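User: Please take one packed helix in this model and go through its packing closely. Which neighbours does it meet, and through which residues?

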Amino acid sequence: MADEVDPAALAEELAAFDVDQFLVAAASTLASLAFAKLEAGDLAQARKAIDALATLVPQVEGTLRGELDRALTNLQVAYAGAASG
């Protein structure tokens, strides 16, 4: 069957994946999601995404760390403004 997952192939793909790249991708996705949730007025979901992003950002190394720090700060400020009414 074409839909079956080959555990050995999956393990090989995972072993080849770079954790740093995954962290950057996950953090970028969370930042985008948090901004979208803020714009939609869904503060509970925005807060959850912001908290998750705050957990990931310290794990990111390299030049993108500064950009993610700024995005996190902007999200936190925007959330505070939205939560205060």
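Analyst: What follows covers one helix, its two partners and the core between them.

The model is predicted, with local features needing pLDDT of at least 70 and side-chain atom pairs 80 or more, while totals for chains, interfaces and linings use all residues. Residues are numbered from 1 along each chain, and side-chain values use heavy atoms, without hydrogens and water.

Helix α2 spans residues 19-40 and packs against α3, residues 43-56 (helices are DSSP runs of H or I, at least four residues). The angle is about 155° and the axes are 8 Å apart (lines fitted to C-alpha atoms over the stretch in contact; angles run from 0 to 180 degrees between N-to-C directions). The pair is therefore roughly antiparallel (over 145 degrees; under 35 is roughly parallel). On the α2 side, the residues in contact (heavy atoms within 4.5 Å) include Leu-23, Ala-27, Leu-30 and Lys-37. Their counterparts in α3 include Gln-45, Ala-49, Ile-50 and Leu-53.

With α4, the angle of α2 is about 20° and the axes are 10 Å apart, so these two helices are roughly parallel. Here α2 contributes Val-24, Ala-27, Ser-28, Ala-31, Ala-34, Phe-35 and Leu-38. Among the α4 residues they meet are Leu-68, Asn-74, Leu-75 and Tyr-79.

The largest nonpolar core (buried residues, under 20% relative accessible area with a 1.4 Å probe, joined through side-chain atoms within 4.5 Å) has 19 residues. Ile-50, Leu-53, Leu-56 and Leu-75 touch the most other members. Helices α2, α3 and α4 (64-83) each supply at least two residues of this core, and α2 gives the most, eight. Beyond its neighbours within four places in sequence, Ile-50 contacts Ala-34, Leu-72, Leu-75, Gln-76 and Tyr-79.

Conventions:
Angles under 35 degrees count as roughly parallel, over 145 as roughly antiparallel, 65 to 115 as roughly perpendicular and the rest as oblique. Buried means under 20% relative accessible area, exposed over 50%, partly exposed in between (1.4 Å probe, protein chains only).
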